[in-house]
Amino acid sequence: FMSFIGNIYDRITESYWAIGFIENKLEDVINGTPLRYVWVKNHYKDRWFADPFVLDVDEKYIYLLVEEYTYAHRKGLIVKLTIDRELLIITKREEVLETDTHLSFPIIERKQDRLFIYPENYKSGKLSLYEFLPKENSCNKLRTLCHAPVTDAVCCNYFGDKLLFSTTHPNDNGSVLDIYRWHEEQETYIFDASISFKENIARNAGDFFKINENVYRPAQECNFSYGHALSIQAVQLDEQKQWNFKEVRRITSPNLQYPLGIHTFNHYKGVIVVDALAYRWKTIACIASCLRSLIKKIKAIF
């Protein structure tokens, strides 16, 4: 019976992610300027989209690679969304990549005129590299990048060596960030070191970026829940090869429409994209959450 009640509660409090854009410049995010958000209208009622990365931009459209999650299948796949910049609506959805296990976080790597992605797929026990073919909207699998269940991994070449930063399952949302170094002979990333934080701000929230000569890492703050807030961190590697991650800004959920979290931050060609979390059925979910908290308090008393 309790299992049945638990399932009902989970269904009532089901959540969804919404995609939005920050209209400020990238420097404003670092400088603490108040941020202006606009949100994409999702006319699909059976699915949500999260983990957005900007694929391309033109005068009329923004093209994103995102995780798509349907309530029926409860498994993520990677799709391309075409967003009308003026109307902020999804004008086209095109499937890009699906595997037997959950996919998310379709981070993009650009090399000359070729595009590559290495989406999060920790349930497969590894991280795979794909070439994305824009004309076909499809992917060709190339090789395994890392033989570990990494979560929201980001490759970074800003510090001289080819490095990969990631949390590792089962500590997906914790306080330990693992660093992997590229091994030429084995053609894979090998574990090199770990960075421990004083709170749960280890998981990546997007690709590293530079402003002038400073490198920044978007991270997830998961102290209260998964994807609760964003932690924008300045990253330095000193002459003694010691890492320093200093938070320069924490970004919480922007408004009451999406009160539960904000957990992705990416930019390309002057466009900053984020996502934020809300209840699927806000009123009934809030009532259920309040009742659950009340029951826990009563049990604690008696």
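# A guided tour from salt bridges to a four-stranded sheet

Begin by selecting Arg-74 and Glu-14, whose side chains form a salt bridge with an N to O distance of 2.7 Å. This pair joins distant parts of the chain, the two residues being 60 positions apart. Arg-74 sits in the loop between strand 4 (61–70) and strand 5 (76–84), while Glu-14 occupies the loop between helix 1 (2–12) and strand 1 (15–22). Glu-14 is buried, at 9% relative accessible area, whereas Arg-74 is partly exposed, at 37%. The model on display is predicted.

Now display the whole chain. Three helices and 20 strands make up its secondary structure. Of its 302 residues, 50% are buried. The accessible surface amounts to about 15,700 Å², and carbon and sulfur atoms contribute 50% of that area. Across the whole structure there are 16 salt bridges.

Next, select Arg-203 and Asp-152, which meet through their side chains in a salt bridge of 2.8 Å, N to O. Arg-203 belongs to the loop between strand 14 (188–196) and strand 15, and Asp-152 to strand 11, so this salt bridge ties together parts 51 residues apart in sequence. Both residues of the pair are buried.

The tour continues with strands 15 to 18. They form an open sheet in the order 15-16-17-18, with antiparallel pairing. Strand 15 (209–211) and strand 18 (243–251) are the edge strands; each has a single partner strand, so one side of each lacks a neighbour in the sheet. From one strand to the next, the twist averages 35°.

Select strand 17, residues 229–237, together with strand 18: eight bridges join these antiparallel strands. Two of the residue pairs can be picked out here. Leu-237 has Trp-243 as its bridge partner in strand 18, and Ala-234 is partnered by Lys-246. The hairpin of these two strands has five residues between them, and within the hairpin Lys-241 adopts a positive phi near 65°. On the other pairing of strand 17, seven bridges connect it to strand 16 (residues 214–221), again running antiparallel. Arg-217 is there matched with Gln-233 of strand 17.

How many of the nine residues of strand 17 are buried? Seven of them are, and the strand is mostly covered. Gln-233, found in this strand, has 1% relative accessibility and counts as buried. A polar atom of the Gln-233 side chain lies 3.3 Å from the backbone oxygen of Ile-201. Among the residues that Gln-233 touches are Phe-197, Val-215, Ala-219, Phe-245 and Val-248.

Turn now to Phe-159, in the loop between strand 11 (150–156) and strand 12 (163–168). Which residues does Phe-159 touch, leaving aside those up to four places away in sequence? They are Phe-208, Val-215, Val-235, Gln-236, Leu-237 and Trp-243. Phe-159 and Leu-237 are 78 residues apart in sequence, with a C-alpha to C-alpha distance of 7.2 Å. At 15% relative accessibility, Phe-159 counts as buried.

To finish, select Glu-221 and Arg-250, a salt bridge in which the closest N and O atoms are 3.8 Å apart. Glu-221 lies in strand 16 and Arg-250 in strand 18, a separation of 29 residues. Glu-221 is buried, at 2% relative accessibility, while Arg-250 is partly exposed, at 29%. A last selection shows Asp-46, Arg-47, Glu-68, Arg-93 and Glu-95, which are joined into one network by salt bridges that share partners.

Technical notes:
Residues numbered from 1 in each chain as written. Predicted model: local features only at pLDDT ≥ 70, side-chain atom pairs only at ≥ 80, totals over all residues. Heavy atoms only, no water. Buried < 20%, exposed > 50% of the residue type's maximum accessible area, 1.4 Å probe, protein only. Areas by Shrake-Rupley, 256 points an atom, 1.4 Å probe, with all protein chains shown as cover. Pairing = 2+ DSSP bridges. Axes fitted to C-alpha atoms, helices over the stretch in contact; angles between N-to-C directions. Polar contact = N/O pair within 3.5 Å; in protein donor to acceptor, adjacent residues only side chain to side chain. Contact = heavy atoms within 4.5 Å.
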